[in-house]
Amino acid sequence: MTSATESFSLEGKLLVAMPSMGDPRFARSVIFLCVHNGSEAMGLIVNRRAPGPTLPALLRQLKIPASDPPALPVRIGGPVEHTRGFVLHSPDYSAGAATRRIPGGFALTATLDVLEDLARGAGPARALLALGYAGWGPGQLEDELRQNAWLTCDAGPELVFSEDDDGKWARALRSIGIDPVLLSGSAGHA
């Protein structure tokens, strides 16, 4: 027998922080869920740019030779393991077993392979580079959803890979028919 948590997966969806989000690390954040199952949830904040570094600077720091890499910004993926890198990307690229396919037309690679391929122009067509991730233990995300900390919506590539980080939160809300201006900072239960 499977539990409700195991049969209910938000993998490949977006979490959109409610205005009442108490944790400043997640205020107005949009998180792409890479993993969501009965034992864990893991996602990347897709709308919080890290100050300064871009992919070319990161490649230089890692001493990866680059011919003409895309000038991808680096995002703050979350507060967990903030020095660990992840590339959320279009499904046209794979680093074999190191690439995780995610429902909705996305993939995730967290090895140097993808950075090396991006450096030489052989990487994915679309990519989002993040340092760190957001993680939840068993039942923790479900509890936060019950407490109205998050809304959920579909994750379209146009929203996820957009360079407009400041506009992603409002766009995600509008995608589910919510005007961000009218959204209250206090939540309740029926």
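**Figure 1. Asp-165 and Lys-168 sit about one helical turn apart in helix α6, because three residues separate them along that helix.** This is a close-up of a predicted model. The side chains of Asp-165 and Lys-168 meet in a salt bridge, with 3.3 Å from N to O. Is Lys-168 buried or exposed? Lys-168 is buried, with a relative accessible area of 0%. Asp-165 also counts as buried, at 6% relative accessibility. The cut-off for buried is under 20%.

**Figure 2. A salt bridge joins Asp-165 to Arg-75.** Here the N to O distance is 2.9 Å. The two partners come from distant parts of the chain, 90 residues apart. Asp-165 belongs to helix α6, residues 165–175. Arg-75 belongs to strand β5, residues 73–76. Arg-75 is buried, and its relative accessible area is 2%. Which residues share a network of salt bridges with Asp-165? They are Arg-49, Arg-75, Glu-163 and Lys-168. Across the whole structure, a search finds 10 salt bridges.

**Figure 3. Helix α4 holds a salt bridge between Asp-143 and Arg-146.** The closest N and O atoms of this pair are 2.4 Å apart. Helix α4 covers residues 140–146. Asp-143 and Arg-146 are three residues apart in this helix, so about one helical turn separates them. How accessible are the two partners? Asp-143 is partly exposed, with a relative accessible area of 36%. Arg-146 counts as exposed, at 53% relative accessibility. The cut-off for exposed is over 50%.

**Figure 4. Strand β2 pairs with β1 and with β3.** Strand β2 spans residues 30–36. Seven of its seven residues are buried, so the rest of the structure largely encloses β2. Strand β1, residues 13–17, runs antiparallel to β2, and three bridges join them. One bridge pairs Leu-15 with Ile-31 of β2. How many bridges join β2 to β3? Five bridges do, and these strands also run antiparallel. Strand β3 covers residues 41–45. Phe-32 stands opposite Leu-44 in β3. The link from β2 to β3 is a hairpin of four residues.

**Figure 5. Gly-22 lies in the loop between β1 and β2.** Is Gly-22 buried or exposed? Gly-22 counts as exposed, because its relative accessibility is 70% and the cut-off is over 50%. Gly-22 and Ala-149 are 127 residues apart along the chain. Their C-alpha atoms, however, are separated by 8.3 Å.

**Figure 6. Five aromatic pairs turn up in a search of the whole structure.** Phe-32 and Phe-106 form a tilted pair, 4.7 Å centre to centre, with 55 degrees between the planes. Phe-32 lies in strand β2 and Phe-106 in strand β8, residues 106–109, so this pair ties together parts 74 residues apart in sequence. Both Phe-32 and Phe-106 are buried. Phe-86 and Tyr-133 form an edge-to-face pair. Their ring centres are 5.7 Å apart, and the planes are at 80 degrees. This pair links distant parts of the chain, 47 residues apart: Phe-86 is in strand β6 and Tyr-133 in strand β9. Phe-86 and Tyr-133 are both buried. Which residues form one aromatic cluster? Phe-26, Trp-136 and Trp-150 do.

**Figure 7. The largest pocket holds about 180 Å³ of space.** Its lining is made of 16 residues. Closest to the pocket centre are Leu-62, Arg-84, Gly-85, Leu-112 and Leu-115. Four elements each supply at least two lining residues: α2 (55–61), β6 (80–89), α3 (112–119) and β9 (127–136). Which element gives the largest share of the lining? Strand β6 does, with five residues. By type, the lining divides into 10 nonpolar residues, five polar and one charged.

Definitions and conventions. Residues are numbered from 1 along each chain as its sequence is written. Side-chain values use heavy atoms; hydrogens and water are left out. On a 1 Å grid over the protein atoms alone, a cavity is a set of points where a 1.4 Å probe fits but cannot get out, and a pocket is an open set with protein on both sides within 12 Å along at least five of seven lines; lining residues have an atom within 4 Å of a point. Grid points are joined across faces, edges and corners, and a volume is the space filled by probe spheres set on the points. Ala, Val, Leu, Ile, Met, Phe, Trp, Tyr, Cys and Pro count as nonpolar, Asp, Glu, Lys and Arg as charged, and the others, Gly among them, as polar. Buried means under 20% relative accessible area, exposed over 50%, partly exposed in between (1.4 Å probe, protein chains only). Two strands pair if DSSP finds at least two bridges between them. Rings of Phe, Tyr and Trp (its six-membered ring) pair if their centres lie within 6.5 Å; planes under 30 degrees apart count as stacked, over 60 as edge-to-face and the rest as tilted. A salt bridge is a side-chain nitrogen of Lys or Arg within 4 Å of a carboxyl oxygen of Asp or Glu.
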